[in-house]
Amino acid sequence: MFDGKFVDAVTAPTSASLQDAAMRGTWWTAVQAMIALPVAFGVNVVVARSLGPNEYGTLAVYMAAYGIVLAVLNGGMSDGTLQWAAAAHGRGDRAQVIELARRCAGYHVIVEAPLVVVATLVILRNETWIAQLIGAVAIGVTMMVGTTVVMMTALSLNARLAKLSLVIGLSVQLAVVTAAVQSHSAGPTWLARLALTTLGPLLAVAIAPKDIRWASLRPLLPRKWPPGLVSFSVRTMGAGLVTSLVFSRSEIFILDAYGDVAAAGVCALAA
């Protein structure tokens, strides 16, 4: 059991320290975006040229379907945990932060991970069994350690996360380009992205505060949430899903359903 020794070692944040953390987080997030966006633009061009309209359309469907599946199966619990943990952190209630981290980890491991693994296997049903195994293991590992990222955001450690995201993002893009150029196929390209994305949560565990790392790797049953957290999470998930379907490139699902994968690829690249 957690004996509270980490909690006692952490003092409540001051208003000045929270503002300073927010400013540093904003600065590093802006730097990360200024570098990542042009790189992503160039990567999309190379990947689209390497795969061609049909395979790029398949890749776009994989990524869009996966994003929607993650949003639905997460149920907004990560967002709810983030909000309640941030409030507890602001009050200096570290014990509440730790409990929320463990229950969030429990939801990810016990509820979300098995369902996402199954969904990943369904998405990759036309790929080889090796590809399916890589995808299942990658998402399983991500679910097991992903709570650390949620909690670091709640503790206003966004500067650390932005620096980490910059390094991991460049690595992921390099892997995606390499896979696309070498394979000319959507499956290996998406798997490269999926596998390398696992590095983010894994490295976040290494740089997280000791008590957050401890809590994130020791899940509790996802029950006895604070009042209002579950309803907030469900509403957040619903709003995010509607926004995603309205403003993202969701038209590719219709094109794919009609068998026009090339048109889906052109639509995805244009978007």
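The following exchange goes through some of the labels given to parts of this predicted model.

Biologist: Why is threonine 147 called buried?

Modeller: Its relative accessibility is 0%, and buried means under 20%, so threonine 147 counts as buried. Threonine 147 lies in helix α6. Not counting residues up to four places away in sequence, threonine 147 touches Ala101, Cys104, Ala105, His108 and Ser216.

Biologist: What makes α6 largely enclosed by the rest of the structure?

Modeller: Helix α6 covers residues 147–154, and 6 of its 8 residues are buried, so the helix is described as largely enclosed. The buried ones are Thr147, Thr148, Val150, Met151, Met152 and Ala154. What covers them includes α3, α4, α5, α7, α9 and α10. Just after α6, serine 156 takes a positive phi of about 60°.

Biologist: Why are α8 and α9 called roughly parallel?

Modeller: Their axes cross at roughly 10°, and angles under 35 degrees count as roughly parallel, so α8 and α9 are given that label. The axes come within 5 Å. Ala195, Leu196 and Thr197 in α8 meet Leu199, Gly200 and Pro201 in α9.

Biologist: How do you know that aspartate 211 and arginine 94 form a salt bridge?

Modeller: The closest N and O atoms of the pair are 2.6 Å apart. The cut-off is within 4 Å, so the pair qualifies. This salt bridge links distant parts of the chain, with aspartate 211 in helix α10 and arginine 94 in helix α4, 117 residues apart.

Biologist: Are aspartate 211 and arginine 94 buried or exposed, and what makes them so?

Modeller: Aspartate 211 has a relative accessibility of 3%, and arginine 94 has a relative accessible area of 8%. Buried means under 20%, so aspartate 211 counts as buried, and so does arginine 94.

Biologist: How many salt bridges does a search of the whole structure find?

Modeller: The search finds 3 salt bridges. One of them joins arginine 91 to aspartate 93, with the closest N and O atoms 3.9 Å apart. That value is within 4 Å, so the pair is called a salt bridge. Arginine 91 has a relative accessible area of 55%; exposed means over 50%, so arginine 91 is exposed. Aspartate 93, at 27%, is partly exposed.

Biologist: Why are arginine 103 and glutamate 99 said to be separated by about one helical turn?

Modeller: They are 4 residues apart in helix α4, which means a separation of about one helical turn. Their side chains meet in a salt bridge, at 3.2 Å from N to O. Arginine 103 counts as buried at 12% relative accessibility, whereas glutamate 99, at 32%, is partly exposed.

Biologist: Why is lysine 224 called exposed, and histidine 184 partly exposed?

Modeller: Lysine 224 has 61% relative accessibility. Exposed means over 50%, so lysine 224 counts as exposed. Histidine 184 has a relative accessible area of 45%. Partly exposed is the range between 20% and 50%, so histidine 184 is partly exposed. Lysine 224 is in the loop between α10 and α11, and histidine 184 is in the loop between α7 and α8. Lysine 224 has a positive phi of about 55° although it is not a glycine. Phi of histidine 184 is near 55°.

Biologist: What makes the nonpolar surface patch, and how exposed is valine 137?

Modeller: Trp129, Ile130, Leu133, Ile134 and Val137 make a patch of about 530 Å². Valine 137 lies in helix α5. Its relative accessible area is 48%. Patches take residues with over 30%, so valine 137 passes that cut-off. Valine 137 is called partly exposed.

Definitions and conventions. Residues are numbered from 1 along each chain as its sequence is written. This is a predicted model: local features need pLDDT of at least 70, side-chain atom pairs count only at pLDDT 80 or more; totals for chains, interfaces and linings use all residues. Side-chain values use heavy atoms; hydrogens and water are left out. Helices (H or I, at least four residues) and strands (E, at least two) are DSSP runs, numbered from the N terminus. Buried means under 20% relative accessible area, exposed over 50%, partly exposed in between (1.4 Å probe, protein chains only). Patches are made of residues with over 30% relative accessible area and no salt bridge: like charges are joined within 9 Å, nonpolar side chains (Val, Leu, Ile, Met, Phe, Trp, Tyr) within 5 Å. Accessible areas come from the Shrake-Rupley method with a 1.4 Å probe; for residues, only the protein chains shown count as cover. Axes are lines fitted to C-alpha atoms, for helices over the stretch in contact, and angles run from 0 to 180 degrees between N-to-C directions. Angles under 35 degrees count as roughly parallel, over 145 as roughly antiparallel, 65 to 115 as roughly perpendicular and the rest as oblique. Contact means heavy atoms within 4.5 Å.
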